[in-house]
Amino acid sequence: MQQRPLVTVVGSLNTDISLLVPHLPRPGETVLSAAGADVGGGGKGANQAVAAARLGAAVWMVGCCGADEFGARLRAGLAAEGVDVSGVRAVAGVTSGLALITVDGSGENAIAVAAGANALAGDPEAAAALAAPCDMLVLSAEIPAALIAAVLDRARAAGLRCLLNLAPAPAGAADLLASGVDWLVVNEQEAAAVLGHPVARPPAAGTGGAAGAGPGDGLAAAVADLAGLGARQVVITLGAAGAVLGGTGPLVAVPGFAVASVDSVGAGDAFVAALAVAVAAPAAAVRAACAAGAAATTRRGAQAALPRPADISAATGFPWPYGE
């Protein structure tokens, strides 16, 4: 078996409180859940760390939580997955991050997040991000943009490869790309937020588009524009439809996987983590990432649903190629 890839994740740690509802609430509406609330570990950074560890990486987590019971549980949950949490700082007098999640019967979700201690991540975390050797440094955007910029600058000076997941896309997100990013991962909405205009997906077959059509001019233009801002490899995720990859090479449409989806929470984090583990061959890595993201939708929860190699194979038929 090949040596385990070394992945550093700089990002958020949250406690997720998730409710299954008949439909996502509209403004001013109260929706009752027939089931109890699920409470567990979450946050994009912690989710990506757990997913990468389950997929075979040795993971170093960097971020902030509160010096409270929630924070202790978050660190313990990561450690139980084999993630090194010595880069996670407990901040006294501040609550840990919290996410309130509603999920409807089709697996679609709406999420509100209280940043808590995540908002205080700063200079200590910028230093900790480079304190351990790594093959890929992964950042997501539930932490201050100033920290993301500082880590990218230090990583660039050190010659480290970085994967930036602009989720959610912060104000001034385009500026984070200006000095160059190895990998950028965004969904369509995040791509639109970075670019400042909507991203048009091609029409589906039967609605005026040809069956088997390529990614379309709108997505191709968005990838080219994002690459022009400074991203060497750009991935725009398309949910069940897969993803598109472009940047230094020709645009590639990577198909998704048909699975019985019940909860899409954490699917994007599984995608990002799988890409970080598998990134040696770009197009093959994006296909593997699509499989991991699809597998994550077949179970409820965030960290609880993050797949292991056997889960990916069982859900999608795709054999995870990077070790058990």
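Which residue in S7 is the bridge partner of Val103? In this predicted model, the partner of Val103 is Asn109. A further pairing joins Ile101 to Ile111 of S7. Both belong to the contact between strand S6, residues 97–103, and strand S7, residues 109–114. The two strands run antiparallel and are joined by six bridges. Together S6 and S7 make a hairpin, with five residues between them. Gly107 lies in the turn and has a positive phi of about 95°.

The hairpin strands are part of an open sheet of four strands. The strand order is S3-S2-S6-S7, and the pairing is mixed. Strand S3 (38–42) and S7 stand at the edges. Each has a single partner strand, so one side of each is left without a neighbour in the sheet. From one strand to the next, the twist averages 25°.

A helix pair was also examined. Two packed helices are described by the angle between their axes and the distance between the axes. Helix H1 spans residues 44–54, and helix H8 spans residues 267–278. Their axes lie 8 Å apart, and the packing angle is about 50°. H1 and H8 are therefore oblique to each other. Their crossing is right-handed. On the H1 side, the contact is made by Lys44, Asn47, Gln48, Ala51 and Ala52. H8 contributes Asp269, Ala270, Val272, Ala273 and Val277. By character, the residues of this contact divide into six nonpolar, two polar and two charged.

Conventions
Residues numbered from 1 in each chain as written. Predicted model: local features only at pLDDT ≥ 70, side-chain atom pairs only at ≥ 80, totals over all residues. Heavy atoms only, no water. Axes fitted to C-alpha atoms, helices over the stretch in contact; angles between N-to-C directions. Parallel < 35°, antiparallel > 145°, perpendicular 65-115°, else oblique. Left-handed = near helix turned anticlockwise from the far one by under 90°. Contact = heavy atoms within 4.5 Å. Nonpolar A, V, L, I, M, F, W, Y, C, P; charged D, E, K, R; others polar. Pairing = 2+ DSSP bridges.
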